[in-house]
Amino acid sequence: MSLLASKFGLPNLRWLLSSARHVGGLFVILCLLGIAELPAEVKSVALPSKFFDFAFNPQTGDLATIQTDDNTVALFPVKYLDGKAVDLVAPVKVGPNPVSICFKQFGEKAYFAVVCVQDSNLYLLDATDLKRIAKISLSGSVTTNVICSSNPEDPFIYYNGGGVDFRGMCGAVDLRTMSDQGRVAEGGRSEISANGRLLYFLSLGVSPTGFNAARMTTPFSASKPVFQVAYHEHTSVSGYFPDPLGLYTAVGPVIYTDDLKKRVASLNFNVVAVAKKPPLIMGFRYDQDQRNLGVLQAVSYNSFRTAGNPVPVSKTFVTTPQNLGPENSPNRAMRHLFSRVRVFPDETRGRLVCASLNQVCLIPFTEFEAPDEPLLHVTTKSPTVYRIGEPAKIKLDRADPRVELQINNLPDGAKVTGDEITWTPTSLQVGIHNLELSLKQGELERTQKLPITVESRKVALPFSPTGIALSPSGKTAVVWTNQVQPPGPVAIQFAVVDLAKMKVGATRTEGLANVQVDLDEQHIYLREAGGAFVQVHELDTLKRLKTLYSDDTVERIFVYEGKLVTSGRSRMSAYSIADWSRIKVPVEGPCELRNIGVVWNNAVLDKQLKNARLLLNSTLPTLGNPPNGMRSGRQSGNSGQYGLLTGEARQIVSQEEAMRLQVSPGNVNPLHAMVAPVLRASLELQSTGSDNIQAAQRLSLSLKDWLRGAEVLRLPLAEKEVSREYRNPQQSAVRIAATASRVIAAWDNDLYAVDLPAPLPAEFKSGLTAIPSHSQLDLSSAKNGIVKLSHQPSGGTAPYTLTFAAGSSGLEIDEKTGEVQVNVAEVQARALELLSRTLAAHATASAPTVVLDEYLTNQGAAQETLIGRKLTGAPVFLPLHIRIQDTEGQLTELRYGVIVEVPLEPLKARLKTAHEALVAERAAMIAKSPPTKKDPAEPTATPPADDSEDLSSAKELRRLGEKIEVLEARIDLLTRQLAELIKLQTPSAPATPKSEKP
């Protein structure tokens, strides 16, 4: 009657019943019952024997069962359950003691999966005729449970197993390969969400069991699913019931969000089933002592309010489950296994299918007499994960057309047309966007969140790398890792990544350890720590092309101007990349690659690595104040921080070493790399959470002006949920490499690529730098007595003003162009004066020519190596100290030096004159010196009176002679000490330069 009243309305129903008395009451009532779709009665179906577990095929309505007495699986078709005569499929044998069965739809194929407690195999049966499809060996012993999602795109079936201690594990089987993938999570009895992305599990064998939800971090296309704990709470829980709609998870009578992070509602019964039509959540009611009251209760899925009336169920149907094994079984798993009560919504036929032991109860949904409510729910078949710049079209499907839909919290740039959202995410919108969907029908109203994820361009790597490198153009990346850990053989695994297609290419394994990697656009170069060789591989295929052997232990390698350069402890080697031939390098000793070029012994070599083109410092006599090395940057503290800087991609700093970032609540761990002369990329891994509440890790790329420290742009790269369980704090490996236009970052098994915006945001003010753009080390090739030295400022705000920090005769600078004119004759005159005085001071006890020859011998060889020719004069160092300022007042300084040769003949004449003048000056000083006081200890002889004047003169001459001898002895000593000092400062072999931090 209530159904008829809800169908026709109470006034109309009274009229129809009164009319029935005049036109054949029974016929009219039967017609009305037919129109009203009067449901069938509750049915109870007796099965031929007791069964341990059940699985339901929602497409056909068939019920599969497992029996432990004879180790079989039986199939009861829907016609049998409806009381119709039908031939049953013969039971199929499986392993000993089958304990769990589930139904799985994968693509177009439907299966029943069975596991047995005393057989480590999974039996896969055809869902139509129980024909065995596969018998898959499992890695877990004492298998007790098998589960799967209702997502037909999910290729995995999961099982629970454990040893004698029964702490438990969860493993996975891949239906594509019909193979076991092994352990994917800890824990005992598990459940999987409807979409297959969330795994819930207990921690058996410990107390409390733990409240756990783990999220799948790999796509379904992966061969093995990987889960990370998204939520953990140190408490006990009996089991989980995932909502088939994917919004909630029930734990006993409490409803949580699907990730268990938020409590939504509390009911007065334990949830056992959820139906979409009608939208009901159903379960058995228990009293305070957890005794079943024999009642099925229902609440509205929309509001969690009680819906309709409870439905009585025979208490014998839900009595204490049957124990599978004896209580004193030596295997603890056997003592925890009981037969199960299963409740399946059969929405095609509008009923619940309840199964327990040898009974099946069919309960129509109409028995609850619930109000006619639409399902307030929205789904989408559109993708929910998009990449930066990828146009998104998200079509929302309402479960009931009567529901009004309003979309809130739209991201910037998104538009709504009807039930469709169009949007093209930008690089600033990386992350998870929870769209708020307001659903309403009449007085019913609820909000549903639809997460849309925007990702940076990324590619899944075959391993978690310990190092990454980026080609100069930024088109190709190379990643590598230690493949085998001790005690196995040491090996390195490599992979090439095409960053245009974001695709992993060739992979290779080499028996190396602790490698340094460099690459150009065609090759990869590998150096092993402590080795005297370099392996050369083809970049695209990783085919080994050559092994280059060095004369010294290779400490660093780099590519420079078509050459592979190796630097050892005492030797530098170079190879032509065109034919791998050895290039003769005239210099010896270690070298390093800086932004200005290859630096050896304080000299910047030319592109051929034969001669020096600039000097950063020198031991030669110096005109003016000696420079303190090359500097470029703000004068207020950052000057000299990165050496001389240029903007070429080849000269970008790339950080290759691994860095482990510990996850702790609210921390930010930066990892830096230069991406431009004055721009720094900073990766920041931030984590929030407490010890037992899970956390989100967010990886962001921050671009900062290193001169000012101001952030120019922040780009979120990714967001992950990680376990924060205090007993096993999670760590993440993050690495970064960069060129002037692209940054790549490896985070665990993912490689992200970010293209920097061009141009950079207007608020970015690049720092001011400058470099010498000439390569003339010596001033011997002067035309008309003038040498021009050019300089190129960059960054800052043009125009620039270039001036000398200190004035110097013979040098002029154009303040607008930065061109320096050197008057060679005038500079040589100054150098002649300086060098002649310096050498004359050393020539007191030696001939001037001897001191000059020693100077040319000691200093000439080293300078001839740098210049690349025989010296025609005596070398002197000419420092240049230039100050550059832009229109905004930004200031930088540039310091380096060149060599001036003093002609020998004028130098010899000037040296002879200077030496003679110095000797005369010393003699005059001696003549003017006061008489020496009489020694009081010396007895005084009384001279004869007539010879007193002669004796006095002789005595004075004797004293002066003694004084001269003392002075000459001191001068000889000082001369020898100065000669030794010159030799120490100017060794015949070049000294090892101090490593300067770039």
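Here are some questions and answers about a helix pair and a run of strands in this predicted model.

User: How are helix H6 and helix H8 oriented to each other?
Analyst: Happy to walk through it! H6 covers residues 824–842 and H8 covers residues 904–928, and they pack at an angle of about 50° with their axes 9 Å apart. Angles under 35 degrees count as roughly parallel and 65 to 115 as roughly perpendicular, with oblique for the rest outside the antiparallel range. The two helices are therefore oblique.

User: How many nonpolar residues does the contact of H6 with H8 have?
Analyst: On the H6 side, the contact includes Leu832, Leu835 and Leu839, and on the H8 side Leu907, Leu911 and Leu918 are among the residues met. By class, the contact also has 2 polar and 3 charged residues, while the nonpolar count is 10.

User: Are the two faces of strand S42 covered or open?
Analyst: In a regular strand, side chains alternate between the two faces of the sheet. On one side of S42, His523, Tyr525 and Arg527 are buried, and on the other side Ile524, Leu526 and Glu528 are buried too. Both faces are covered.

User: Which residue in S43 is the bridge partner of leucine 526?
Analyst: S42 pairs with strand S43 (residues 533–538) in the antiparallel sense, over 5 bridges. The partner of leucine 526 in S43 is glutamine 535.

User: Which residue takes a positive phi in the hairpin of S42 and S43?
Analyst: This hairpin has 4 residues between its strands. The positive phi, near 85°, belongs to glycine 530.

Terms used:
Residues numbered from 1 in each chain as written. Predicted model: local features only at pLDDT ≥ 70, side-chain atom pairs only at ≥ 80, totals over all residues. Heavy atoms only, no water. Axes fitted to C-alpha atoms, helices over the stretch in contact; angles between N-to-C directions. Parallel < 35°, antiparallel > 145°, perpendicular 65-115°, else oblique. Contact = heavy atoms within 4.5 Å. Nonpolar A, V, L, I, M, F, W, Y, C, P; charged D, E, K, R; others polar. Buried < 20%, exposed > 50% of the residue type's maximum accessible area, 1.4 Å probe, protein only. Pairing = 2+ DSSP bridges.
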